[in-house]
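Please look over the sequence and the model below before reading on. The paragraphs that follow lead from charged pairs to nonpolar cores.

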Amino acid sequence: MKSKIKITGIVLLVLFILIQFVPTNHNQSDVDENSDFVIIYDSSIEIKQLLEVSCYDCHSNNTVYPWYNKIQPIAYLLENHISEGKEELNFNEFGNYSDRRKKSKLKSIISQIEKDRMPLWSYTLIHSEAKLTKEQKQKLISWLNDLRDSI
Amino acid sequence: MKHLKTTFSILLFTAFFLTLASCKNENKKTASDRQIEAKEIKTPNHNHNMDHDNGAGHHHNDNSPSQHNRKSIIKAKNNEVLSPIVAAYIQIKEALDADNQTAAATGGKKLLVAFSGFDKSNLKGDSLNEYLEISESAIEQTEHIIKSPIEHQREHFETLSEDVADLISLLKDEK
């Protein structure tokens, strides 16, 4: 019995070590100052931080990678979330969207935050700092609403 | 030593299954959300005149385009260039009115086909640019309508309605 556990343990350990060699693309590149959301809309430092901490990991070309995000299979799952997230909305490239698209994106952003669908709960589980408090939500939403009306 | 290994393997197991479980729960959550939110959405539909008390939203989950839009939509139905787009749009609208998620998605697929079959060779300069902007947005909304639960379909239908209305006013003079 004990030897079985030992073998299972060793097999799992080997598997765990092996999957560490599965390559993942790190989501990191230069920020274009002409199209980045927080830069072009000159947001306050508070708004900038909220967006960067709660949204930018999956919705921009730059993810902050703490050590546990580099471990497999977490890195792999994260990579999928990021590529999906960027496809829906990329804050680094927001300035390149047409006005029509900017407005509809803002509408969706506001609705996702209002309904607590974003940031994803599985993300805030690990990144508790990304969780928006009620106050932060209100501030962010009213700022986003103003922005949307101004486009 | 043996103890350590067992503990370690248990930890590994748990970690692995937790990550798997978190993915599965994502889907479950949306499924149960669907029911709750479907109920929430139905309520504002009944009080069209009490527009103010919807908190931050200036927009509603009301599937009907404005009176003005409705007229132009009926006209556009007879416009040859636009009719496949308008027909598919109306199919989505009717599906959402009937709370039918699948039918709305089917209508969405038809709308994508209609857009890809749209002949834009008569459009030039500004009109062409505007058409491209509108269709880009409309297609994006439609893709969401195809893959989303009904309450999210409704959100994107709102934006789609604006796009289709703008498209109609852009193309009403085209033959």
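**Charged pairs and nonpolar cores**

Lys147(B) is exposed, its relative accessible area being 56%, and this places the residue above the cut-off of 50% that applies to exposed residues. The model in which this value was computed is a predicted one. The side chain of Lys147(B) forms a salt bridge with that of Glu88(A), with 3.3 Å from N to O. This pair crosses between chains, since Lys147(B) belongs to helix 5 (residues 125-147) of chain B and Glu88(A) to helix 4 (residues 74-88) of chain A. Glu88(A) counts as partly exposed, with a relative accessibility of 26%.

Which residue forms a salt bridge with Glu140(B)? The partner is Arg101(A), and the closest N and O atoms of the two are 2.6 Å apart. Because Glu140(B) sits in helix 5 of chain B while Arg101(A) sits in helix 5 (residues 99-114) of chain A, this pair also joins two chains. Both Glu140(B) and Arg101(A) are buried.

A further salt bridge lies within chain B, where the side chains of Arg154(B) and Asp99(B) meet at 2.4 Å, N to O. Arg154(B) is part of helix 6 (residues 150-171) of chain B and Asp99(B) is in the loop between helix 3 (83-97) and helix 4 (101-116) of that chain, so the pair ties together parts that lie 55 residues apart in sequence. Arg154(B) is buried, with a relative accessible area of 3%, whereas Asp99(B), at 35%, is partly exposed. Salt bridges with shared partners also link Arg101(A), Lys105(A), Glu136(B) and Glu140(B) into one network, and over all chains the structure holds 16 salt bridges.

From charged side chains the account turns to nonpolar ones. The largest nonpolar core has 27 residues, and those that touch the most other members are Ile85(B), Ile92(B), Leu160(B) and Leu167(B). At least two residues of this core come from each of helix 3, helix 4, helix 5 and helix 6 of chain B. Apart from it lies another core, with 22 residues that include Phe37(A), Ile47(A), Leu51(A) and Leu140(A).

Leu160(B), one of the residues in the largest core that touch the most other members, can be followed through its contacts. When neighbours within four places in sequence are left aside, Leu160(B) is in contact with Tyr89(B), Ile92(B), Leu111(B), Ala138(B), Gln141(B), Thr142(B) and Ile145(B).

How values were computed. Residues are numbered from 1 along each chain as its sequence is written. Chains are lettered from A and ligands numbered from 1 in the order in which they are written. This is a predicted model: local features need pLDDT of at least 70, side-chain atom pairs count only at pLDDT 80 or more; totals for chains, interfaces and linings use all residues. Side-chain values use heavy atoms; hydrogens and water are left out. A salt bridge is a side-chain nitrogen of Lys or Arg within 4 Å of a carboxyl oxygen of Asp or Glu. Helices (H or I, at least four residues) and strands (E, at least two) are DSSP runs, numbered from the N terminus. Buried means under 20% relative accessible area, exposed over 50%, partly exposed in between (1.4 Å probe, protein chains only). A nonpolar core is a set of buried Ala, Val, Leu, Ile, Met, Phe, Trp, Tyr and Cys residues joined through side-chain atoms within 4.5 Å. Contact means heavy atoms within 4.5 Å.
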